[in-house]
Amino acid sequence: MTENEGNTPALALRDLSVSVPDGQQTRILLDHVNLEVAAGELLAITGSSGSGKSTLLALAGLLRRPDSGEVTICGERTSDLGERQRTDLRRRQVSIVYQSANLVPSLTAVEQLELVGHINREKRKTARTRAESLLEELGIGDRWNQLPGRMSGGERQRVGIARALMSEPSVLLADEPVASLDPELSVQIAELLASETRSRNLATVIVTHDEVPLNYAHRHLHLEAGKLTDVGLADVR
Amino acid sequence: MFLALRELRRTWRRFILIASVVALVALLSTVLTGLANGLVTDNISGLRALPLTNLAFSPGAEATFSRSSLGPEALESWKQEPDVKVTPIGVSFVNASSASGGRSIDVALFGVAPDSFLYRDAHGAPDQHEASRGRPLHGLVLADELKEEGVKVGDRFRIGTDSGSLPVIGFTFGGTYGHAPIAYTDLGIWRQALFGNEAEPRYSALALQLPSGFDVTAADRRAGTETVSKQDAYAGSPGYSAETGTMTLIRAFLLGISALIVGAFFTILTIQRTRQIGLLKAMGASSAYVLRDGIGQIAVIVVLATAAGTLAGSGVIAIVGRGAVPVELSASAVIQSALLLAGSGVIGSLFAFRRVTRVEPAIALGVEQ
Ligand SMILES: Nc1ncnc2c1ncn2[C@@H]1O[C@H](COP(=O)(O)OP(=O)(O)O)[C@@H](O)[C@H]1O
Ligand SMILES: [Mg+2]
């Protein structure tokens, strides 16, 4: 980035508010939420089901707009941007890891990653090479030619993470990334997210109602009644 | 089309139904094109083969020979026009009854002047002297089609009420007009056969060879005629407008149906894929990227299916053409019909345009705006 990289957070949410229709009334889902995530930082957000965790990620990932407030990514304010510019910024800087991976059913593991290269207008050959080495790095190099239907849950999530890393983002958002995995795999995936955050200097936000990712987070916030509260520092690994 | 092509390869079974429907529509369209062109040829091939550029009719005749009658003044007036070749022509539909005991035939009787550009040399005529250029045709020169029906040179036919019988001098490529084979004869004989010995020197129309850029309107005003191009004169042939109109309507419907079917299919596909489209957008793909991918996929299917259907349709026409049904299918007609069909299919996929652009990336996370 720029010379002030040190003090500009990769992701900043300021005064974000969102209301959603709830029967006849509207319900305030997020109430003037503030959040900063620095490069290299892993943040965990917990909250009960329906508390607005996914909505918060959608706002941070520029997938939807808040009623009011500002989302800043790598120092770029986004509220005044048009849809096209938001799409562009999302493509370059933000990646999302989904619950149960959300892979494209008709693409093999390596093609899931190549698709990212294609969307980013990367050369076929370089995209392929990078995709193969990413899969290798995440320990699923031998599954490169497998369709999602024939992978295990853990393999799928590793491909999902590899796909998210393929665009070399600054911000990584993970929505319940271990929710559909058994405890042992959960530990592996959480470890993987933590080590990639460190080695790639990512600003990572993990939304979860599992305990496991909390052990790897630098900060732990709780979302309740539209407010984010700091639960305290987890021990830093 | 990174995603589209791989999806096609791996889930091709999903596309069999739509491809079959498009192929069948293409088959139907090709067969109809063959039949329509066959019908047109069967109707006006004789007129199409005449070496003329335009026809002058009497005003209000609407290019119909039987409604038109012109006299010597019109001919003289047209003869004064520079660089114009003109000759009178008489056209009537008649029943020629055999005077030699055979069956009678329905013909379009074309009376032409000797030494004119409409004059037909007969081939297979025994008396070269009589059938050669520059002499009036003292008899009938028949379209080749009639030879196949057993009519021979020397057979005699009676036309009209009081005239004597006319011999068949020979045969020529005559073609048809109003679905009837053409019989050429001398203009004088045509007039006498139809209007008797006391007939005025009149004829149905004037055949013209006009230079390009010729001012038809001014010449028409001077001559008191109504001139149309050869193509426009086809419409005056009995049944022509109705036939081509019907065929055009059916083919237009097929194009519309194909667009609707493909549009409906692509719409359903888009609805089924809403989550995947949301995912692509969440990954930073623009609506244009998603549309290119989807419409490209449809285009591949439509083009392949149309090609297959058109090929099959051409085969059907080739088989049908061996029978008595008039069919005609040129390469250009086939290609034109296929391109139109494929084009309308792809245009149909644009029905889902708004559906694709409206998909929100947020649905990838299960939350919508
Ligand atoms: N556009 C919307 N319209 C109506 N309700 C919505 C909308 N978006 C979110 N919600 C509601 O907001 C709540 C929070 O959703 P979500 O962010 O998915 O929560 P979480 O991920 O914490 O379970 C849910 O009850 C959901 O039904
Ligand atoms: Mg959620």
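**Exercise 1. Which helices of chain B each supply at least two residues of the lining of the second largest pocket?** Then place this pocket relative to the domains of chain B.

*Solution.* The model is a predicted one.

Step 1. Take the helices. They are helix 2 (16-49) and helix 5 (144-148) of chain B. Helix 2 of chain B gives the largest share, 4 residues.

Step 2. Look at the lining residues. Among them are B:Gly38, B:Thr41, B:Asp42 and B:Ser45. The list also includes B:Glu145, B:Glu148, B:Thr176 and B:His179. By class, the lining has 3 nonpolar, 5 polar and 4 charged residues.

Step 3. Give the volume. The second largest pocket holds about 350 Å³.

Step 4. Bring in the domains. Chain B is assigned domain 1 (2-44 + 241-365) and domain 2 (71-224). Both domains give residues to the lining, so the second largest pocket lies between them.

**Exercise 2. Describe how domain 1 and domain 2 of chain B meet.**

*Solution.*

Step 1. Start with the centres. Taken over C-alpha atoms, they are 48 Å apart.

Step 2. Count the contacts. Here 6 residues of domain 1 of chain B touch 4 residues of domain 2 of chain B, with contact taken as heavy atoms within 4.5 Å.

Step 3. Find the buried area. The two domains bury about 400 Å² between them, and carbon and sulfur atoms hold 36% of it. On the domain 1 side, B:Asp42, B:Asn43 and B:Ile44 lose the most area, together 83% of what that side buries. B:Asp42 is also one of the residues that line the second largest pocket.

Step 4. Check for salt bridges. Across this domain interface the rule finds 0.

**Exercise 3. Describe the interface of chain B and chain A.**

*Solution.*

Step 1. Count the residues. Chain B puts 26 residues in contact with 28 residues of chain A.

Step 2. Turn to area. The size of an interface is often given as the accessible area lost when the parts come together. For chain B and chain A the buried area is about 2400 Å², with 65% from carbon and sulfur atoms.

Step 3. Name the main contributors on chain B. B:Phe2, B:Met283 and B:Leu365 supply 29% of the area that chain B buries against chain A, more than any other three residues.

Step 4. Look for charge pairs. Side chains of opposite charge can pair when their charged atoms come close. The rule finds 2 salt bridges across this interface. B:Arg10 forms a salt bridge with A:Glu111, and their closest N and O atoms are 2.7 Å apart.

**Exercise 4. Which elements give two or more residues to the lining of the largest pocket?**

*Solution.*

Step 1. Give the volume. The largest pocket has about 630 Å³.

Step 2. Go to its centre. Of 28 lining residues, A:Glu83, A:Thr87, B:Ala285, B:Ser286 and B:Ser287 are the closest to it.

Step 3. Name the elements. Chain A offers helix 2 (83-93) and helix 3 (109-119), while chain B offers helix 11 (287-320) and helix 13 (353-358). Helix 2 of chain A gives the most, 7 residues.

Step 4. Sort the lining by class. There are 8 nonpolar, 7 polar and 13 charged residues.

**Exercise 5. Which parts of chain A does the salt bridge of A:Asp31 and A:Lys227 tie together?**

*Solution.*

Step 1. Set the scene. Over all chains, the rule counts 22 salt bridges.

Step 2. Take this pair. The closest N and O atoms of A:Asp31 and A:Lys227 are 3.5 Å apart.

Step 3. Locate both ends. A:Asp31 lies in strand 2 (residues 25-37) and A:Lys227 in strand 10 (residues 227-232) of chain A, so the pair joins parts 196 residues apart in sequence.

Technical notes:
Residues are numbered from 1 along each chain as its sequence is written. Chains are lettered from A and ligands numbered from 1 in the order in which they are written. This is a predicted model: local features need pLDDT of at least 70, side-chain atom pairs count only at pLDDT 80 or more; totals for chains, interfaces and linings use all residues. Side-chain values use heavy atoms; hydrogens and water are left out. On a 1 Å grid over the protein atoms alone, a cavity is a set of points where a 1.4 Å probe fits but cannot get out, and a pocket is an open set with protein on both sides within 12 Å along at least five of seven lines; lining residues have an atom within 4 Å of a point. Grid points are joined across faces, edges and corners, and a volume is the space filled by probe spheres set on the points. Ala, Val, Leu, Ile, Met, Phe, Trp, Tyr, Cys and Pro count as nonpolar, Asp, Glu, Lys and Arg as charged, and the others, Gly among them, as polar. Domain bounds come from an automatic or database domain assignment. Buried area is the accessible area (1.4 Å probe) that two parts lose on being put together, summed over both. A salt bridge is a side-chain nitrogen of Lys or Arg within 4 Å of a carboxyl oxygen of Asp or Glu.
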